[in-house]
Each structure stands twice: as structure tokens, then as C-alpha cells.
Amino acid sequence: RRKLGTSSVSTAPLDTSEYCSLGSMEYAKQIVAAETNGVCCAKKFMASCFEGYSDFTADSRKATVQWKDEKKPGGDDALAVLEEAYTSILRGLGEDPGRQGLLKTPRRAATAMLFFTKGYQENVPDILNDAIFDEDHDEVVIVKDIDMFSLCEHHLVPFFGKVHIGYLPNKRVVGLSKLARIVEIYSRRLQVQERLTKQIAVALTEALKPAGVAVIIEATHMCMLMRGVQKINSKTMTSTMLGVFREDEKTREEFLTLTKE
């Protein structure tokens, strides 16, 4: 193993498997420090972990990684694959895909699924564009009751509800509609509510570098209503608090109070 950031460097190759297993998204936020004689090792480390997902730069002192959202295949090829899959599903159910009422169902269902998961084709830098502005505002900004629709990745049935987002600016603010767009990017994917909540908070933190970010999602899950336990009045609430919203009780309480009103 090559030890980075020291004057003593062995010739053994760096085993990146244990680091890559931690997940590219998390590790992309970290900086790998290296001495001059460790730079090529750092480059090899970056390439093996983040090939196809990131850009990195290296000099004699450090190598850094910039995360890029992965984009899934789309377009006509994806539509054709999904259409064929839905045709197979109909046959598996004992239906006749050739009968009048089902002739166009596979194409309709495939088109709908591509819309439900269109977030795979979008990323935060593209939608933010030029909507980040320098502004000397140091009070909490909240946009609440943002409608959210997503698909449970376990059963491919919908869950939907409201998202509340708050952040404490650090000399920069973002166009308010962009908060809803960030919700749309991550909710229009196969999701679990816990991950969705954190992804929204982390994306806003990475984009604005604010003093803190808070996100609450309240949602109804059809996988609990129409199957399984069938509890029609159940709701799931999740939250992610970052920065001052996690560290300072008064700031957190201000956000929670304002989102309840």
C-alpha cells in the first residue's frame, strides 16, 4: 500500500477496493493529499474509483475530485426496451397484448415510466444555470409545501407528498423556483424517502455552500396503502439537518415552527 502525504512511500500498489466500496458520491467530496512522488498513485486511485463519473486535477501537493451526476440511458432505445418489457408483463398476467384495449398500452406505459424517471437525465448544475446570486442576506429562507411525486424502488408504486426546504445563506442565494427543480430531479427517479431527503439537502449544500440546510418530507406511500399492511391513513416523515440547523437548536426550531404554520 502506498501511503500518501508522507515522505516515505512504498512501491506497493494502492488497494482502492475498500475505498470504492464506500460509494463514489461520498468519497468524491474528499481531498486526497499527496506528495510529488505520490501524485501518480493518487491519479490511479481517482480513475479507479470515479471512472465515468468525475473529473480530477492533480498537482505536486494534492488531487481533487469534482462529482458529476450519472446520467442513465434514455431516448428511443430506452422506450423500445420498456415497451417490449411491458408487453411481456401483460402476457405474464395472462392478458392478450393484441386485444383492442391493450394495443397501445405497452407504448403508453413505457412513455409514462420515462417521464416518472426523467430525473436520471437531469443534473443540478444544469438546472441552476445562472440562478445563483450574490446577496448580503443572513436570515433563513424557506420554501415549503413543494409537491413531490416519486416511485418506490422496492415495488415501483408511487409515493407522494410535500417537501419543505430551508437554508441559511452565506452571501449567496438561489432562485426560489430552483429549489422545486432540485426536488424534481431527485424525486423523478426510483427512490426511498430517506435517501431522497438527504440528496436534496446535500445538493443544495454543494451548490450554495450555505451556513446550513434543512429538508423535511411528508409523504404517503402507496405500497403501504394498496398492498401489504394497507394502512390508508399512514404518512412517513423524514428530515435532514445540515450545518447550523443541526448544530444550533434555535435555528432548527425556527425552521420547524415556520414549516408547521
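**Note on the predicted model: sheet, helices and cores**

1. In strand 10, M241 is the bridge partner of A214. This pairing belongs to the contact between strand 9 and strand 10, where eight bridges join two antiparallel strands. The model under discussion is a predicted one, and the points below should be read with that in mind.

2. Confidence comes next. The mean pLDDT of the chain is 80, and 72% of the residues reach 70 or more. Residues 1–69, however, have a pLDDT below 50; beyond near neighbours in sequence, this stretch has 100 contacts in the model. Where pLDDT is low, the predicted coordinates should not be read in detail.

3. The sheet is open and has five strands, in the order 8-5-6-9-10, with mixed pairing. Its edge strands are strand 8 and strand 10, each of which pairs on one side only. Strand 5 and strand 8 (residues 190–191) run in the parallel sense and pair over two bridges; in this pairing C152 stands opposite Q191. On the other pairing of strand 5 (residues 141–152), nine bridges join it to strand 6 (residues 158–168), and these two strands are antiparallel. Within that pair, I146 faces V163 of strand 6.

4. Which residue in the turn of the hairpin formed by strand 5 and strand 6 has a positive phi? The residue is L156, and five residues lie between the two strands. The phi of L156 is near 60 degrees, a positive value in a residue other than glycine. Most residues other than glycine have a negative phi, and most peptide bonds are trans. L156 has a relative accessible area of 46%, and therefore counts as partly exposed. A further case is K171, which is not a glycine but has a positive phi of about 75 degrees. K171 is found in the loop between strand 6 and strand 7. Both backbone conformations deserve a look in the viewer.

5. F149 is a residue of strand 5. Its relative accessibility is 44%, so F149 counts as partly exposed. Leaving aside residues up to four places away in sequence, F149 touches F159, F160, S187 and R188. F149 and R189 are 40 residues apart in sequence, yet their C-alpha atoms are 9.6 Å apart in space.

6. Helix 7 (residues 176–187) has 12 residues, which at 1.5 Å a residue should span 16 Å; the end C-alpha atoms are 18 Å apart, which agrees. The buried residues of helix 7 are K178, L179, I182, V183, I185, Y186 and S187. The elements that cover these buried residues include helix 6 (124–128), strand 5, strand 6, strand 7 (172–174), strand 8 and helix 8 (193–208).

7. Helix 11 (residues 249–260) also has 12 residues, with an expected span of 16 Å at 1.5 Å a residue; its end C-alpha atoms are 16 Å apart, in agreement. T251, F255 and T259 are the buried residues of helix 11. Seen down the axis of helix 11, the buried residues fall within an arc of 65 degrees, so they line one face of the helix. On the other side of helix 11, E249, K250 and K260 are exposed. The cover over the buried residues of helix 11 includes strand 5, strand 6, strand 9 (212–221), strand 10 (236–243) and helix 10 (244–247).

8. How many residues does the largest nonpolar core have? This core has 32 residues, and those with the most contacts inside it are V163, I165, Y167, I200 and L204. Two or more residues come from each of helix 6, strand 5, strand 6, strand 7, helix 7, helix 8 and strand 9. Helix 8 gives the most to this core, with seven residues. In soluble globular proteins, nonpolar side chains tend to be buried together.

9. Taking L204 by itself, and not counting residues up to four places away in sequence, the contacts are with I165, Y167, V174, L179, I182, K209, P210 and V213. Apart from the largest core lies another core, of seven residues, among them L168, I216, M241 and F255. Two of these names have appeared above: M241 is the bridge partner of A214, and F255 is one of the buried residues of helix 11.

Terms used. Residues are numbered from 1 along each chain as its sequence is written. Side-chain values use heavy atoms; hydrogens and water are left out. pLDDT is the predictor's confidence in each residue, from 0 to 100. Contact means heavy atoms within 4.5 Å. Two strands pair if DSSP finds at least two bridges between them. Helices (H or I, at least four residues) and strands (E, at least two) are DSSP runs, numbered from the N terminus. The expected span of a helix is 1.5 Å times one less than its number of residues. Buried means under 20% relative accessible area, exposed over 50%, partly exposed in between (1.4 Å probe, protein chains only). The arc is that of the directions from the helix axis to the C-beta atoms. A nonpolar core is a set of buried Ala, Val, Leu, Ile, Met, Phe, Trp, Tyr and Cys residues joined through side-chain atoms within 4.5 Å.
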